[in-house]
Protein chains: 2
Amino acid sequence: MKNIRKNLVLLFLMMNISLANEGMWEPSQLPNLAKDIRAAGFKGDLNKISNLFEYPLNAIVSLGGCSAAFISDQGLIATNYHCVEGSYLQFNSDRTGKDLFKSGFLAKTIEAEAPSAPGAKVYITQEIINVTVEVLLGTDQSKSENHRYKIIQSNKKKLIKNCEISPEFQCEVKSFYSGETYQMIKKLALKDVRLVYAPPQSIGEFGGEIDNWMYPRHTGDFALLRAYVTPENKSQEYHLDNIPYKPVSHLKISKTGIQENDFVMVAGYPGTTNRLLTYPEIESDIKTGFPSFVEFLKSNIDLMKELTKDDQKKALKYRGNISGYENYYKKISGQIDGAKNFNLLQQEKINWDNLLVFISDNSTKKEQDDLTSLIKITNEIKTENLNERYYGGSALLGAATTIYRHAFEKTKPNHERELGYQERDYDRLVNRLRSLDYRFEASVDKGIFLYRLSRYKEVEKKKRRKIFSSLLHLEEDFSATKGVINQMYRDSKELLDTDERIALLNTSLYKLNQSEDPFIVFAKNIFEENMEKEKLNKARASQLQKNKSSFIKILRRFYKSQNRDIYSDANGTLRVTFGNVMGVELNDAIYYKPFTSLEGIAQKNTGAFPFEVDLKQLNLIHKKEYGSYSVNEIGSVPVNYISNLDITNGNSGSSTLNAKGEFVGLAFDGMIETIISDYKFIPQARTIHVDSRYLLWTLEKFENDKRLINEMTIID
Amino acid sequence: MKNIRKNLVLLFLMMNISLANEGMWEPSQLPNLAKDIRAAGFKGDLNKISNLFEYPLNAIVSLGGCSAAFISDQGLIATNYHCVEGSYLQFNSDRTGKDLFKSGFLAKTIEAEAPSAPGAKVYITQEIINVTVEVLLGTDQSKSENHRYKIIQSNKKKLIKNCEISPEFQCEVKSFYSGETYQMIKKLALKDVRLVYAPPQSIGEFGGEIDNWMYPRHTGDFALLRAYVTPENKSQEYHLDNIPYKPVSHLKISKTGIQENDFVMVAGYPGTTNRLLTYPEIESDIKTGFPSFVEFLKSNIDLMKELTKDDQKKALKYRGNISGYENYYKKISGQIDGAKNFNLLQQEKINWDNLLVFISDNSTKKEQDDLTSLIKITNEIKTENLNERYYGGSALLGAATTIYRHAFEKTKPNHERELGYQERDYDRLVNRLRSLDYRFEASVDKGIFLYRLSRYKEVEKKKRRKIFSSLLHLEEDFSATKGVINQMYRDSKELLDTDERIALLNTSLYKLNQSEDPFIVFAKNIFEENMEKEKLNKARASQLQKNKSSFIKILRRFYKSQNRDIYSDANGTLRVTFGNVMGVELNDAIYYKPFTSLEGIAQKNTGAFPFEVDLKQLNLIHKKEYGSYSVNEIGSVPVNYISNLDITNGNSGSSTLNAKGEFVGLAFDGMIETIISDYKFIPQARTIHVDSRYLLWTLEKFENDKRLINEMTIID
């Protein structure tokens, strides 16, 4: 037995030998990683790059969902093209009646810089404080899990209230390590952000859905924004008097860029990973969750396409939804393939068995009980999620539910309201309700709702929501359900008008209860059932927080026993990943070289979307007008490159920095073959970056821009 | 004008800078290429490797259609698996009732070595003599092109007759440079060749049609044969008294093999290339010939599959035909794509225009008139070929036509008969007629004939064969044609019986004219028309020979003016190509590494044909049982590799030799992306080889063979 265990642990260690570049590290962890980060080739000051207030981290910002960075002392911001499509390109196309996707957008003067959709902001992290003690204060006095949950929420609200000392600041309490640690993050939110430059779609989205998650890649996935403030340096929504924001610092841009094997790092805001799950959770996701989700996505994509196929206006409104679903569909499908190709479950089972051996020797009875409870609850939740896969689906009902809940919360003092329904959240709620304007069509919404109901109906009766099912006659023939739904969409009025819909946020619960809008009535009728469900989930959340914290504490010891550093799963907070520019061989004898070139763009040109190359660009390529951006190694201007950095969704738009902390590109994608690395880091995983030299080449040669280039600090 | 010309020539020269590895050289040309061959890394004696009677060329043999080489002093021969499928594997599967494709075949003892299908031979080149003067002797006295043609034929026959001093020898007069040069090749034909080893299909044909023409590749495309002779060292058909042939020499096998950038050469019998065509010929092939041929192949593949889909016996009989058509279909489709991707026509047009400039300054009026005539005739022929694309198609009619023609020729003295119908050709005719046995089904043959007639009917009436069309009622409604065809297949008797069919070769023309077999009657009725057509073609052939010779003489001067060596298009004679092992980047940033590995086999395994890996092999791979064949560079046993050698069909089975002339593998395929190099050498073209170390590994580890390995001369 002893021997077996030893061998297993050895195997486990061997398996982790090549994981040097794993890790989405909190900046403060970097000094601990000195050995690895030096080995990767970083020669600078580790304390400096781990400090939020020093260069380069003080130039890194978030767009909320995407990452970005200041690249001039005039508030110029670099991010991905795909991060500006909605709030900047779509918004300004609608506003001006011009197809900015097709033409691209270059503000030739500062005056020409274009506003963003309401709600688009730039967030600059001001402070990160560990608040675990404060969040959990008094939880040992709790009488029930729901009570405990309330204490935690109340503690969080207090922390946030005390933090948000002026409306410029937004604070949030973030759970790290599944609630084992809490940190409060204070961010300055700049509310006037303008579009400065986006290339035409033929560059910014070259390859479209076909090349999405793929390498070799040739996408100019870059765009430039600019943050504005009042002349008094205060954050204020779009205003003609506003002036460019002067950031504390901005990234210098390296003109020579990087080459193969060079050190690179990315600082950004990765969204979600699932690397600290228990084996039963992973197994459930891969065996059941993924296939069911893929089926859900596929059926909904087909449905939305079918429902909008004969009407360009409708198609445009659902274009964002469909492409979001398609993106997920490709990703989850890639995760299914990756799990198979990299034997994820077999490997993770071995790791798990080793952990169990460790646990049996190195943990308390309570910790073991907590683990049993954790596995039980997560299993319950996953089963329920499967059953609820097709629950809902009506954006109109979603709006009614939000409005009704908001009215309910408003009956309490502001600080006691549920997070998301406080005064600080009002603008966001308004924007969400307004978005139906350009993302919603009643007939399509009804079609989606009906389809999902027909699938939800397949779930065992006692596992469905009772009142919801009863109101929609799900126990009867589906024609009855159809009758009710048709009636609801026919009779709804005020919800369908944007102004009236938003005005409902100011309506009292009393008045809302008298509304005759069928969706408001429906939201009222299912309110209690929803609150019951929420109560159950809150109790579970409290329980999970305890059990996961306990599990993490075991994991910390386990990692320590192996001399490994642990890091929290991605949670939308600032992280740093470092490594090297390098190619990859995923299939025997097919080596993806680290850099792609301008010539590859011409090679992919088919003359038709998404591989239609602009004639001007094609001409520049054929004439080899490389300017000063050509690289000997590839004999051309580099377009995209890959590195072994560890990123995920949310890292989009993250600046890539060289060993000197200079800007050398933007991370924008992963590779479909290794996208399963969200669950388990794969050494072959690669991050795809757009090269800074392609950005500069495009500005100089293709756009004939001087204004923006002159504004940047370009280092030879 | 002068300046323009200079620039054009410069451009032309620049375009040819990287063509160092172009060339399928006659061995005697090698000493002239000293500079290039040394640059590629060859360090040995150039006179030795250019000498047919020295090592290694004296170990190189032909199988007729495929190349091969002796690899032991006991007559053991290495060639490709795909070269032994028909006459060895199919034949012995039929003979023994065992599926040798599935099981593979390993003779554990010498007695177990299995016979070949009748007619399979090994040819050992004995002599190559330039006979241009002899072939053209007296042609200046000709009264007409047909007379001139006759003189040439008669000269050839005399040469052959004088050469074939014993039945062991086969001589042929081969046209080089489109008839500008003739060479007589004398070959020793060994008639008892036995199957010694073929791996199971899961190795020998791994990847099947899907991986055909593709790299990265993992095919164990190797097989071993053995030549036998009488105890008196005479060639004799299969006989129990025969003993293994002792070749003059055999290739030593390098165990360490080659690595990236190493010098390699291939000596073999490439079939056909078209690199010395005029531009109008190339243009016609690419613009018209290829698309029409591809359509023809596709429609015939679909038809044969449809006609045999419900009957396994029929399907088996047409399996060879279908796969041959599919192979061509993939190849021609690849040529169409390649011509487009490599801008072949634009490039060749530039080259042609340069040549025209050269011609206007450096040729006689007669040469210019010859070129005009050449372009006119080749255009006529190509147009006619298009019109005749669907002419024929009945194997039964083909047999009848052959029998009838044979009877006609027999009315003349043997040496006056048309080549192909002389006494020396009798065995081949018998085998061809016998092959209907396993490659023919009357119902399928009729279906194919009817389909082709329906397409031939679409050709303009005056461009169709008159008597043929009239006999088959092609001017009437197609039901009339169907009626005639149905009747013919219903009434045919003797032709359908193998013995009777073969016996017809011994029937006199007089008796044949009385036959009532409708196909014999039909063959008789179209005989005159065919002969007229043949006469026209012979006149054209004579004219072409003159015009092409004239064109080649210009080309020789043109090449010389550019310091380039010229080589004859492939014509099934012994050629040598040399170069280096190297990867290739065909698409931006996708680099195909030069070697594939055992692990790639496991990676491609789907458990289903053609990617089903034998469990024993899979197990060896998983356990990394590499034996002594592992290579540091790839950390595994190499399976296939690529080089920049210049090969084409017919080179299949060619031994690949290292700088010491040792055996390091077998060439077996080209890459579909560059297959257009049959028309114009493409620097990115690569030859795919199976590595000798994979052959040895398979024998030792997978087959547990010692007998054969011990017989080889393996050099560490």
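In the predicted model, residues A:K538 and A:E534 stand four residues apart in helix α22 of chain A, which spans residues 518-561, and they are therefore separated by about one helical turn. The side chains of these two residues meet in a salt bridge, with a distance of 3.0 Å from N to O, and both A:K538 and A:E534 are buried. In general, side chains of opposite charge can pair when their charged atoms come close. The pair within helix α22 belongs to a structure in which a search over all chains finds 92 salt bridges. Also in chain A, a network of salt bridges links A:K376, A:E380, A:E384, A:E388, A:R465, A:K533 and A:R540.

In chain B, salt bridges were also found between residues that are far from one another in sequence number. The side chains of B:D669 and B:R217 meet in a salt bridge of 2.9 Å, taken from N to O. Because B:D669 lies in strand β19 (residues 663-670) of chain B, whereas B:R217 lies in the loop between α9 (208-211) and β9 (223-229) of the chain, the pair ties together parts that are 452 residues apart in sequence. B:D669 is buried, and B:R217 is buried as well.

A further salt bridge joins the side chains of B:D678 and B:K331, with an N to O distance of 2.8 Å. Here B:D678 is placed in the loop between β19 and β20 (687-691) of chain B and B:K331 in helix α11 (residues 312-341) of chain B, so that this pair ties together parts lying 347 residues apart in sequence. Both B:D678 and B:K331 are buried.

Helix α11 of chain B also contains B:S323, which, at a relative accessibility of 36%, counts as partly exposed. The C-alpha atom of B:S323 is separated by 8.3 Å from that of B:E209, although the two residues are 114 residues apart along the chain. A second contact of this kind involves B:S597, which is found in strand β16 (residues 595-597) of chain B and is buried, with a relative accessible area of 6%. Between the C-alpha atoms of B:S597 and B:I634, which are 37 residues apart along the chain, the separation is 7.1 Å.

Burial was also examined for strand β13 (residues 575-580) of chain B, in which six of the six residues are buried, so that the strand is largely enclosed by the rest of the structure. In a regular strand the side chains alternate between the two faces of the sheet. Both faces of β13(B) are covered, since B:R575, B:T577 and B:G579 on one side are buried, as are B:V576, B:F578 and B:N580 on the other. Strand β12 (residues 263-268) of chain B pairs with β13(B) in the antiparallel sense over six bridges, and within this pairing the bridge partner of B:V266 in β13(B) is B:T577.

Several features of the backbone were then considered. Most residues other than glycine have a negative phi, and most peptide bonds are trans. The peptide bond from B:Y55 to B:P56 is, however, cis, with omega near 5°, and B:P56 lies in the loop between α3 (46-49) and β1 (60-62) of chain B. The peptide bond from B:F609 to B:P610 is likewise cis, with omega near 0°, and the place of B:P610 is in the loop between α24 (598-604) and α25 (615-622) of chain B.

Positive phi values in residues other than glycine include that of B:N233, near 65°, and that of B:H473, near 55°. B:N233 lies in the loop between β9 and β10 (243-244) of chain B and is partly exposed, with a relative accessible area of 47%. B:H473 is located in the loop between α18 (466-471) and α19 (478-491) of chain B, and at 28% relative accessibility this residue counts as partly exposed.

At the surface of chain A, a negative patch is formed by A:D437, A:D497, A:D499 and A:E500. Among these residues, A:D499 lies in helix α20 (residues 498-503) of chain A and, because its relative accessible area of 57% is over 50%, is classed as exposed.

Technical notes
Residues are numbered from 1 along each chain as its sequence is written. Chains are lettered from A and ligands numbered from 1 in the order in which they are written. This is a predicted model: local features need pLDDT of at least 70, side-chain atom pairs count only at pLDDT 80 or more; totals for chains, interfaces and linings use all residues. Side-chain values use heavy atoms; hydrogens and water are left out. Patches are made of residues with over 30% relative accessible area and no salt bridge: like charges are joined within 9 Å, nonpolar side chains (Val, Leu, Ile, Met, Phe, Trp, Tyr) within 5 Å. Accessible areas come from the Shrake-Rupley method with a 1.4 Å probe; for residues, only the protein chains shown count as cover. A salt bridge is a side-chain nitrogen of Lys or Arg within 4 Å of a carboxyl oxygen of Asp or Glu. Lys and Arg count as positive and Asp and Glu as negative; His and the chain ends are not counted. The place of a charge is taken as NZ of Lys, CZ of Arg, CG of Asp or CD of Glu. Helices (H or I, at least four residues) and strands (E, at least two) are DSSP runs, numbered from the N terminus. Buried means under 20% relative accessible area, exposed over 50%, partly exposed in between (1.4 Å probe, protein chains only). Two strands pair if DSSP finds at least two bridges between them.
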